[in-house]
Amino acid sequence: MKIGELARRTLHTAETIRYYERMGLLPAPRRFANNYRDYGEVHVGRLEFIRHCRTLDISLDEIRSLLESIEDGSPEGADRAHVMICLLYTSPSPRDRQKS
């Protein structure tokens, strides 16, 4: 699917999707012969995950670290992800930290 369709399906802008690609939050898509990006369901799922994390006030850096731990594929990576999630849920949100 092209970036416009991905944007519509995930309620992100094309600009945000490209930004997440540059930041390493979204895997690079395949390219068509004309160099257009070809996104798949993995990108839809990842963008939905990022949106959900952002609604929980999780920063992009924290999301990146969490994704790296999840994608590690090892038991240690799963343990790191679990610890990060526990810390994120028990720590004040960035918005709350700014208020203090």
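**Exercise 1. Work out which residues of H3 and H4 meet, and how the two helices pack.**

Step 1: list the contacts, meaning heavy atoms within 4.5 Å. On the H3 side you'll find Arg46, Phe49, Ile50, Cys53 and Arg54, and they meet Leu60, Ile63, Leu66, Leu67, Ile70 and Glu71 of H4. Helices here are DSSP runs (H or I, at least four residues; strands are E, at least two), numbered from the N terminus.

A quick note on the input: this is a predicted model, where local features need pLDDT of at least 70, side-chain atom pairs count only at pLDDT 80 or more, and totals for chains, interfaces and linings use all residues. Residues are numbered from 1 along each chain as its sequence is written, and side-chain values use heavy atoms, with hydrogens and water left out.

Step 2: get the geometry. Two packed helices are described by the angle between their axes and the distance between the axes. Axes are lines fitted to C-alpha atoms, for helices over the stretch in contact, with angles from 0 to 180 degrees between N-to-C directions. For H3 and H4 (residues 60-71), the angle is about 135 degrees and the axes are 10 Å apart.

Step 3: classify. That angle makes H3 oblique to H4; the cut-offs are under 35 degrees for roughly parallel, over 145 for roughly antiparallel, 65 to 115 for roughly perpendicular, and oblique for the rest.

Step 4: assign the hand. H3 passes H4 in a right-handed crossing (the near helix is turned clockwise from the far one by less than a right angle; anticlockwise would be left-handed).

**Exercise 2. Do the same for H1 and H3.**

Step 1: the axes of H1 and H3 (residues 41-55) come within 10 Å and cross at roughly 40 degrees. H1 is therefore oblique to H3.

Step 2: Leu6, Arg9 and Thr10 of H1 make the contact with Glu41, His43, Val44, Leu47 and Arg51 of H3.

Step 3: the crossing of H1 past H3 is right-handed.

**Exercise 3. Is His12 buried or exposed, and what does His12 touch?**

Step 1: place the residue. His12 sits in the loop between H1 (3-10) and H2 (14-23).

Step 2: check the cover. With a relative accessible area of 10%, His12 is buried (under 20%; exposed is over 50%, partly exposed in between, with a 1.4 Å probe and protein chains only).

Step 3: find the neighbours. Leaving out residues up to four places away in sequence, His12 touches Ala7, Ile17, Tyr20, Leu47 and Arg51. Its side chain also reaches the backbone oxygen of Thr10 at 3.0 Å.

Notes: Polar contact = N/O pair within 3.5 Å; in protein donor to acceptor, adjacent residues only side chain to side chain.
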